[in-house]
Amino acid sequence: KPLGIWHTHLAMGSKQSNLGDSRVIPLNTSISQNDTIYPENKVKSYKYTKWNFLPKNLYEQFRRFANFYFLCMTILSFAVETSVNPYTSMVPLIFVVTVTAVKQGYEDFLRHRRDDKVNYSKVSVVRNGCAQEIECKKVRVGDIVCVRNNQDIPCDMVLLISSAHDAKCHVTTANLDGETNLKTLECPLECDIKPDHLSILNGTITCEHPTMDLYQFHGNVKINLTKNSFESHSDKINPAYIETESESGGHVELCGGSCRRKSTCSFKKIGVKTDVEYYAPLSSNNLLLRGSSLRNTEFIYGCAVYTGLETKLALNSVITRNKFSIVERSINVFLAFFTVLLISEVLLSVTLQYYKETRPDYDNKMEYLGPRPDSSYTYLLTESLTYVVLYYYVIPISLYITLELQRFLGTFFFEWDLKMFNDDQSAICNTSDLNEELGQVKYLFSDKTGTLTENDMCFRRCSVDGNVYYENKGILYKLPECGTTIKAQRVDKWTPELEKFFTAMALCHSVQCCLDNNTTSIPTYQASSPDEKALVEAAARCGIILLSAESSYITLDVRGTLRKFRKLQELEFTSDRKRMSVIVKDETGSVLLFCKGAEVSMLPIISSGPFQETITHYTDFAMRGLRTLVFAWKELDRVDYLRLVRDVQQARGAVDTDKRDGLINAAYNVLESNLVLLGATAVEDKLQDQVPETLEQLRAAGIKVWILTGDKVETALNIAHSCGHFKPGTIRLFLVDIISANTCYLKLQDLKMQMHGDEMNQYGLVADGKSVQLALAHDTETFQEIALACTAVVCCRLSPKQKAQLVRMVKLSDKKAVT
């Protein structure tokens with residue numbers, strides 16, 4: 001085998017292997033499927049094949065208590081001589097098993113068709129320097145895959161080349177996370193690699209083993225270029241921080257961080273005179289996931305890193321199996337009771353028969369029955385089985401025939417229901433085993449943004465330098481202390497603080513400018529977050545316009561003055577950090593850091609600014625039901641920045657998950673410290689149509705609704721009141737701002753006593769993320785008792801992990817609860 005293959009084997013192993021903490025993937029290396037240890041890129045959502053359908057389906061059916069019961073009765077009816085015709089047991093059983101097999105076989109046949117449509121679709125790849133078109137299922141780890149506009153991503157792959165001039169691409173991930181907004185991904189290497197260079201591309205990708213987390217990916221990529229790899233006069237931008245030697249001494253230049261040279265090369269232009277090794281860390285911003293679709297980008301090239309069952313989509317897919325509904329489990333309980341009753345009847349009958357046959361006068365009084373039978377154990381067993389066959393009708397097989405037919409025909413009613421159509425697409429019923437579960441739902445967990453609300457953000461107000469402003473049709477107004485817009489004063493002369501605040505809004509984001517035929521002065525923007533898009537559009541309407549965000553440069557029109565910023569670093573947003581930052585260099589060479597995020601994560605890192613006024617203002621914004629963000633900034637010393645950013649790059653390149661997260665957080669925390677407060681923003685997200693009516697109907701059906709959101713307590717509480725989640729007269733219980741386990745315990749005990757003091761009232765629980773974390777860690781039972789007793793629950797400032805913990809808590813507390 002080639003050396004690269006053995007190196008891959010030793011470094012990676014399998015996802016259960018302990019041979020290494022990461023996998024090393026050689027780029028552009030032809031490895032046959034027989035030689036590679038990675039799975040083939042085959043979608044498999046079906047359960048059966050034509051060879052195992054019969055035995056596997058029969059096994060799954062006879063795992064059910066009722067089917068196994070009737071099978072045993074049928075066998076007994078053939079084995080024991082009785083007056084009962086055995087075919088009266090066999091025919092209904094065959095009918096039930098056949099109907100179920102046909103139903104499940106038809107459902108699995110549809111899965112086969114969907115899988116084949118994906119597996120046999122054509123994909124363009126580059127292997128061993130040659131472009132070729134293959135079936136999707138034959139894509140292997142290490143292949144360079146080409147995807148064109150509006151095509152689906154065939155596997156999880158690292159983006160290497162994009163047709164966009166800024167080396168970025170846009171994808172939709174609705175099939176993965178339900179979000180319809182475009183997401184922007186970028187090439188990790190900023191060197192000028194073209195599709196023509198793929199045939200001579202060499203390098204490796206080192207990344208983590210496959211995980212289920214859609215939003216986490218880390219590793220690094222190395223690409224080796226030789227002096228013959230590119231034209232000697234090619235124009236390459238070197239995006240690195242490179243120390244260059246000169247006659248006057250060494251100096252440091254600012255520019256990116258994705259190139260590490262082996263020998264001397266110039267700073268501004270790489271004229272590939274000697275061997276150069278490009279190196280860059282990898283993150284989720286560089287990973288294209290299977291299940292997403294390419295949009296607004298002519299083509300991209302990427303290296304396949306996860307295929308088949310190792311893709312994040314496959315790891316998050318639930319393995320199809322026969323599920324047992326609440327109704328079926330309830331029927332099984334009754335079956336167990338009637339089985340005990342059947343056994344009791346059999347024992348009683350056998351006992352009475354034995355007593356009758358062992359009486360001394362049996363021969364005289366019961367002569368017509370023949371001679372006295374031999375009361376051996378074999379005879380008693382035979383008689384017992386005979387009585388079982390006679391009495392087994394106490395459990396009617398017709399009940400199961402009715403259930404199976406209802407389930408099978410019920411799926412068509414789902415598809416025929418016009419109220420469940422989405423445009424021209426009818427509802428799709430993937431399994432008929434759980435139809436009745438929809439009528440058994442007891443708890444409904446809902447997010448706020450995009451579910452209760454429209455997820456269409458609109459900028460409303462902001463707090464800058466202790467004053468409140470609002471924007472109307474591009475004109476900024478200053479509000480009085482009472483907050484009414486009637487007495488607002490138009491702002492004609494901007495203060496430096498106001499201009500810096502809106503400049504931060506136009507710089508601190510991941511928004512992209514669209515290349516379209518827009519005739520207006522403001523470009524069209526695309527963003528994965530509607531909040532960011534609303535803020536950038538508001539800044540543009542007020543006169544600070546984002547003109548372009550190409551490559552690592554951001555161009556702004558600051559009230560008629562053109563300004564160009566070099567984007568050096570982006571400290572990405574995570575649910576744990578609850579903030580993001582960008583580091584830019586302006587025309588004067590100053591290095592500036594702009595940061596925005598939730599107030600709980602921003603206030604501890606702010607050292608100066610209009611602190612109390614801003615707190616008062618964003619609390620008022622939240623009471624109005626608006627979503628708030630806090631902005632801050634600081635100027636970085638160039639030498640300190642280079643030292644700190646080197647730590648960031650090393651942390652991003654680490655592959656060990658535990659060490660990497662800790663190193664990144666530590667490096668980010670050093671950069672994001674001692675900030676100057678700029679102000680706060682407030683955007684509105686309106687309710688969806690008929691949300692109050694829907695919640696009322698759910699309550700009438702006996703369903704308890706829990707709102708789990710990441711917004712502020714005041715914002716979520718305002719939305720909960722406006723949508724009717726808390727009905728008039730509901731007593732609200734607050735579990736917020738808890739900072740210690742002892743305080744949490746005492747607060748929970750107080751709430752418990754309050755509820756037990758007047759059990760006739762309706763209660764609603766309001767809790768925040770920190771309090772929920774302490775409650776789940778130290779007093780789960782009390783928190784669970786209080787939450788389940790409330791008619792409505794609102795939990796705020798939650799991370800995705802905490803939301804999952806709450807759902808798991810409810811499921812474990814009530815085994816019969818359907819969520």
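What follows is a chat between a visitor and a guide about this predicted model.

Visitor: Let's start broad: what does the secondary structure of the protein come to?
Guide: The chain has 819 residues, and 48% of them are buried. Among contacts with a separation of 6 or more, 70% link residues 24 or more positions apart. As for secondary structure, the count is 22 helices and 35 strands.

Visitor: Which residues touch the most other members of the largest nonpolar core?
Guide: That core holds 43 residues. Its largest share, seven residues, is supplied by helix α11, which spans residues 496-507. The members touching the most others are F502, M505, L556 and F594.

Visitor: Take M505, then: which residues is it in contact with, leaving aside neighbours within four places in sequence?
Guide: M505 is one of the residues that touch the most other members of the core. Once sequence neighbours within four places are set aside, its contacts are F459, L535, V536, A538, A539, F631 and T681.

Visitor: How many residues are in the other core that lies apart from it?
Guide: As general background, nonpolar side chains in soluble globular proteins tend to be buried together. Here a separate core includes C595, L642, V648 and Y668. Its size is 35 residues.

Visitor: Now strand β30: which residue in it does F594 stand opposite?
Guide: β30 covers residues 627-636, and eight of its ten residues are buried. Strand β28 (residues 591-597) runs antiparallel to β30, with seven bridges joining them. Across that pairing, F594 faces W633.

Visitor: And which residue in β31 is the bridge partner of L629?
Guide: β30 also pairs with β31, residues 675-687. These two strands run antiparallel and are joined by seven bridges. In β31, L629 is partnered by T681.

Visitor: How about L556 from that core list: which residue is it bridged to?
Guide: L556 sits in β25, a strand of residues 553-558 that pairs with β24 in the antiparallel sense over four bridges. β24 (residues 544-548) is mostly covered, with four of its five residues buried. The bridge partner of L556 is L546.

Visitor: There's an "active site" feature in UniProt; is the residue at that position buried, exposed or partly exposed?
Guide: The unreviewed UniProt entry places that feature at D447. The residue lies in the loop between β17 (443-446) and β18 (453-464). Its relative accessible area is 29%, and buried would need under 20% while exposed would need over 50%. Therefore D447 counts as partly exposed.

Visitor: Which residues does D447 touch, not counting those up to four places away in sequence?
Guide: D447 is in a loop between two strands, β17 and β18. With residues up to four places away left out, it touches L452, L708, T709 and K803.

Visitor: Which strands stand at the edges of the open sheet of three strands?
Guide: The strand order is β7-β6-β15, and the pairing is antiparallel. Neighbouring strands there are turned by 45° against each other on average, direction ignored. An edge strand has a single partner, so one side of it is left without a neighbour in the sheet. The edge strands are β7 (183-186) and β15 (293-295).

Visitor: In that sheet, which residue in β15 is the bridge partner of T172?
Guide: Strand β6, residues 168-172, is joined to β15 by three bridges, and the two run antiparallel. In β15, the partner of T172 is S293.

Visitor: Any bench person will ask about cysteines: how far is C155 from the nearest cysteine sulfur?
Guide: A search of the whole structure turns up zero disulfides. C155 is buried at 0% relative accessibility, whereas C72 is partly exposed at 27%. A disulfide would need the sulfur atoms within 2.5 Å. For C155 the nearest cysteine sulfur belongs to C136, at 7.3 Å.

Visitor: Last one, V80: what distance separates its C-alpha atom from that of Y387?
Guide: V80 lies in the loop between α3 (65-79) and α4 (87-119), and at 8% relative accessible area it is buried. Beyond its neighbours within four places in sequence, V80 is in contact with T382, L385 and T386. V80 and Y387 are 307 residues apart along the chain, and their C-alpha atoms are separated by 9.9 Å.

Terms used: Residues are numbered from 1 along each chain as its sequence is written. This is a predicted model: local features need pLDDT of at least 70, side-chain atom pairs count only at pLDDT 80 or more; totals for chains, interfaces and linings use all residues. Side-chain values use heavy atoms; hydrogens and water are left out. Buried means under 20% relative accessible area, exposed over 50%, partly exposed in between (1.4 Å probe, protein chains only). Two strands pair if DSSP finds at least two bridges between them. A nonpolar core is a set of buried Ala, Val, Leu, Ile, Met, Phe, Trp, Tyr and Cys residues joined through side-chain atoms within 4.5 Å. Contact means heavy atoms within 4.5 Å. UniProt positions are given in the numbering used here, feature names are shortened, and annotations may be inferred rather than shown by experiment. Axes are lines fitted to C-alpha atoms, for helices over the stretch in contact, and angles run from 0 to 180 degrees between N-to-C directions.
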